[in-house]
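Hi everyone, thanks for coming. I'd like to walk you through a structure this morning, so please have the sequence and the model open while I talk.

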Amino acid sequence: TYTVSYTPVVSGPHSITVTVSHLPVLDSPFTAHVEVHPDPRKCTLSGPGLERLSVLLPAHFVVKSLLPDGTPFPKGGEPLEVAVTTPDVTEVPVKVTDND
């Protein structure tokens, strides 16, 4: 038994060829479809909904999704979860709109 790991550096189809004793394993080569996703550590938040707020007035802010290299994520569709809780830990309803 072997454990194999690798880190893709670009998106797109990658061919994975596996041999044992110089012979290909069944169904080798394999195709892995590598996708690029936002890096949560690089995403930023901005807007008035993160600063001075008033009771019963809507609060808005923007989450900017960035790729691992710091460039903007070019499309929407990534799962984004936002939770807002009051001081007594009551959950406040949140509406998230994917702008892309």
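Let's begin in the loop between β3 (23–24) and β4 (30–34), where you will find Pro 29. Please keep in mind that this is a predicted model. The peptide bond that joins Ser 28 to Pro 29 is cis, with an omega of about 5°. As a general reminder, most peptide bonds are trans, and most residues other than glycine have a negative phi.

That second point brings me to two more backbone spots. Which residue in the loop between β5 (44–46) and β6 should you click on? Leu 56 is the one sitting in that loop. Leu 56 is not a glycine, yet its phi is positive, about 70°. Is Leu 56 buried or exposed? With 83% relative accessibility, Leu 56 counts as exposed, because the cut-off for that class is over 50%.

The other spot is Val 89, in the loop between β7 and β8 (91–92). Val 89 also has a positive phi, near 65°, and again this is a residue other than glycine. Its relative accessibility is 65%, so Val 89 counts as exposed.

Now for the pockets. How much volume does the largest pocket have? The value is about 1300 Å³. Its lining is made up of 34 residues, and those nearest the centre are Phe 61, Val 63, Val 82, Lys 95 and Val 96. Two elements give two or more residues to this lining, namely β6 (62–64) and β7 (84–85). If you colour the lining of the largest pocket by class, you should get 19 nonpolar, nine polar and six charged residues.

The second largest pocket holds about 170 Å³ of space. Which residues line the second largest pocket? They are Tyr 2, Val 4, Tyr 6, Ile 16, Thr 17, Val 18, Thr 19 and Val 20. By class, that lining divides into six nonpolar and two polar residues, with no charged ones.

Let's turn to the surface. A nonpolar patch is formed there by Leu 80, Val 84, Val 92, Val 94 and Val 96. Together these residues have about 330 Å² of accessible area. You have already met Val 96, which is among the residues nearest the centre of the largest pocket. Val 84, another member of the patch, is placed in strand β7. Val 84 has a relative accessible area of 33%, so it counts as partly exposed.

Next, charges. In general, side chains of opposite charge can pair when their charged atoms come close. How many salt bridges does a search of the whole structure find? It finds one. The partners are Asp 39 and Arg 41, whose side chains meet at 3.0 Å, N to O. Try looking at how each partner is covered. Asp 39 has 6% relative accessibility and therefore counts as buried, the cut-off being under 20%. Arg 41, on the other hand, has a relative accessible area of 75%, so Arg 41 is exposed.

I'll finish with three pairs that you can check yourselves with the distance tool, going from C-alpha to C-alpha. Start with Thr 97, in the segment after β8. How far apart in space are Thr 97 and Val 62? They are 9.8 Å apart in space and 35 residues apart in sequence. Thr 97 itself is partly exposed, because its relative accessibility is 48%.

Then take Thr 71, which lies in the loop between β6 and β7. Thr 71 and Pro 24 are separated by 47 residues in sequence, and in space they are 39 Å apart, C-alpha to C-alpha. Thr 71 has 35% relative accessibility, so Thr 71 counts as partly exposed.

The last pair starts from Glu 35, in the loop between β4 and β5. Glu 35 and Thr 17 are 18 residues apart in sequence and 19 Å apart in space, C-alpha to C-alpha. You may remember Thr 17 as one of the residues lining the second largest pocket. Glu 35 counts as exposed, because its relative accessibility is 56%.

That's my tour, and I'm happy to take your questions. Thanks for listening!

Terms used
Residues are numbered from 1 along each chain as its sequence is written. This is a predicted model: local features need pLDDT of at least 70, side-chain atom pairs count only at pLDDT 80 or more; totals for chains, interfaces and linings use all residues. Side-chain values use heavy atoms; hydrogens and water are left out. On a 1 Å grid over the protein atoms alone, a cavity is a set of points where a 1.4 Å probe fits but cannot get out, and a pocket is an open set with protein on both sides within 12 Å along at least five of seven lines; lining residues have an atom within 4 Å of a point. Grid points are joined across faces, edges and corners, and a volume is the space filled by probe spheres set on the points. Helices (H or I, at least four residues) and strands (E, at least two) are DSSP runs, numbered from the N terminus. Ala, Val, Leu, Ile, Met, Phe, Trp, Tyr, Cys and Pro count as nonpolar, Asp, Glu, Lys and Arg as charged, and the others, Gly among them, as polar. Buried means under 20% relative accessible area, exposed over 50%, partly exposed in between (1.4 Å probe, protein chains only). Patches are made of residues with over 30% relative accessible area and no salt bridge: like charges are joined within 9 Å, nonpolar side chains (Val, Leu, Ile, Met, Phe, Trp, Tyr) within 5 Å. Accessible areas come from the Shrake-Rupley method with a 1.4 Å probe; for residues, only the protein chains shown count as cover. A salt bridge is a side-chain nitrogen of Lys or Arg within 4 Å of a carboxyl oxygen of Asp or Glu.
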